[in-house]
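Here are my notes on the model you sent. Please read them with the structure open beside you.

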Amino acid sequence: MKALVCKEFGDPDILVMEDVPEPEVKKGMVKIEVHSVGLNFPDTLMIAGKYQFKPPFPFSPGMESSGIVTEVGEGVTKVAVGDRVMANHGVGGFAEYVLAPENGTYKIPDNMPYDQAAGFPVTYGTTYHALVDRGDLKPGEVLLVHGAAGGVGLNAVELGKALGATVIGTVGSDDKMDIVKQYGAEHVINYSTESIRDRVKELTDGKGADVIYDPVGGDAFDQSMRCINWNGRLLVIGFASGRIAELKTNLALLKGCSVVGVFWGEFARRYPEQNRANFQAMLDMVESGKIKPHVSMHFPLEKGADAMKALLSRKSTGKVIITVKD
């Protein structure tokens, strides 16, 4: 099969197209003919050797994909050959076939195209777990979403709105405001020209945000701790800014707030049935038209390095998708 392969750590240009053996299905695993692959920021970290998981060389990046089940391993009962599915498999998606664990593979609705499905598992899985399981977001609360035009950020805006919250998004440029409003944000803050802290306080009559979704870290985290409501929940999703912030614990005391870690991958491993129930709830939303994943860019498999560069340049909104098979 054709695959885009990483043989050494480096920037996206180190990836090479090669013919490699198809993976052999194993017990509890599902073999998928890949149609689309969702690109995630951790994919760029993985090929650079900066991610916590370092697969042995050579490997194909790609944490999530969609396609058709071609073979199932012993013990697999939740999906069958011929099913249209999306899957979270951690690695291997930049190829014509991939193996995924049964617990990370989900049948998709008939009205869900492959490109939307491919970009769904990692970001929506993370976001629903964050807002519902960890943030206990309630209808009528104020949700502040950092990096609101990005992959996980736009999901948080959309799901937050669907869950009944008043959503405030932050972006780095005016040209990203429209898509964030389109997906449900009542207010959008350009943090390059406005103070997040001051604007959130102004929009909430001085109270601050009840739940803060932070995949950015750094300055965004620092400002979040100064515009969080009493009994607020600051959800630590990631560190796209490149700086891991330090918590001033006196602020946590004075605000009566919680700083909550969100590690969806480990949650899914420990509680597979609850995770599957979360996905069913979201896929019901897709089927009914309540949520619709946003894809801003498509690249063919051989241009996977260009896809990563587009993601790293922050020119994309929502998801960047690699098309393996039309």
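How do the residues that line the second largest pocket divide into nonpolar, polar and charged?

1. **The second largest pocket.** This is a predicted model. The lining of the second largest pocket divides into 15 nonpolar residues, two polar and no charged. The pocket has a volume of about 330 Å³. Its lining counts 17 residues, and Met-1, Pro-23, Phe-59, Ser-60 and Gly-92 are the closest to the centre. Strands β1 (2-5) and β6 (97-101) each supply at least two residues of that lining. β6 gives the most, with three residues.

2. **A cis proline.** The peptide bond from Phe-57 to Pro-58 is cis. Its omega is near -15 degrees. Pro-58 sits in the loop between α1 and β4 (64-72).

3. **Strand β8.** Look next at residues 142-145, which form β8. Is each face of this strand covered or not? Both are covered. Val-142 and Leu-144 are buried on one side, and Leu-143 and Val-145 are buried on the other.

4. **Neighbours of β8.** β8 runs parallel to β9 (residues 166-171), and four bridges join the two strands. Leu-143 has Val-167 as its bridge partner in β9. Between these strands the chain passes through helix α4 (residues 151-162), in a right-handed β-α-β crossover. β8 also pairs with β11 (residues 209-214), again in the parallel sense, over three bridges. Here Leu-144 is the residue to find, with Ile-212 as its bridge partner in β11.

5. **Gly-160, between helix and strand.** Gly-160 belongs to helix α4. This glycine is buried, because its relative accessible area is 0%. Its C-alpha lies 7.0 Å from that of Leu-143, though 17 residues separate the two in sequence. Leu-143 is itself one of the buried residues of β8.

6. **From β9 to β10.** β9 also joins strand β10 (residues 187-190) through four bridges, and these two strands run parallel. Thr-170 stands opposite Ile-189 in β10. The route from β9 to β10 goes through helix α5 (residues 177-182), and this β-α-β crossover is right-handed.

7. **Helix α3.** How many of the 14 residues of helix α3 are buried? The count is 11, so this helix (residues 121-134) is largely enclosed by the rest of the structure. The buried residues include Pro-121, Tyr-124, Tyr-128, His-129 and Leu-131. Gly-125 and Ala-130 are also among them. After α3 comes Asp-136, whose phi is positive, near 50 degrees.

8. **Ile-47 and Leu-15.** Ile-47 lies in helix α1 (residues 41-48). Its relative accessibility is 0%, so Ile-47 counts as buried. Leu-15 is 32 residues away along the chain, yet the two C-alpha atoms are separated by 8.5 Å.

9. **Cysteines.** How many disulfides does a search of the whole structure find? Zero. Take Cys-257: the closest cysteine sulfur belongs to Cys-227 and is 11 Å away, so the gap is too far for a bond. The cut-off for a disulfide is 2.5 Å between sulfur atoms. Cys-257 is buried, because its relative accessible area is 11%. Cys-6 counts as buried too, at 0% relative accessibility.

10. **Positive phi away from glycine.** Two further residues deserve a look. Asp-205 has a phi near 55 degrees, a positive value in a residue other than glycine. Asp-205 is in the loop between α6 (196-203) and β11. It counts as exposed, because its relative accessibility is 73%. Asn-231 is not a glycine either, and its phi is positive, about 65 degrees. Asn-231 lies in strand β12 (residues 228-236). With a relative accessible area of 47%, Asn-231 is partly exposed.

Note on methods. Residues are numbered from 1 along each chain as its sequence is written. This is a predicted model: local features need pLDDT of at least 70, side-chain atom pairs count only at pLDDT 80 or more; totals for chains, interfaces and linings use all residues. Side-chain values use heavy atoms; hydrogens and water are left out. Buried means under 20% relative accessible area, exposed over 50%, partly exposed in between (1.4 Å probe, protein chains only). Two strands pair if DSSP finds at least two bridges between them. A crossover is right-handed if, with the strands pointing away from the viewer, the path from the first strand over the helix to the second runs clockwise. On a 1 Å grid over the protein atoms alone, a cavity is a set of points where a 1.4 Å probe fits but cannot get out, and a pocket is an open set with protein on both sides within 12 Å along at least five of seven lines; lining residues have an atom within 4 Å of a point. Grid points are joined across faces, edges and corners, and a volume is the space filled by probe spheres set on the points. Ala, Val, Leu, Ile, Met, Phe, Trp, Tyr, Cys and Pro count as nonpolar, Asp, Glu, Lys and Arg as charged, and the others, Gly among them, as polar.
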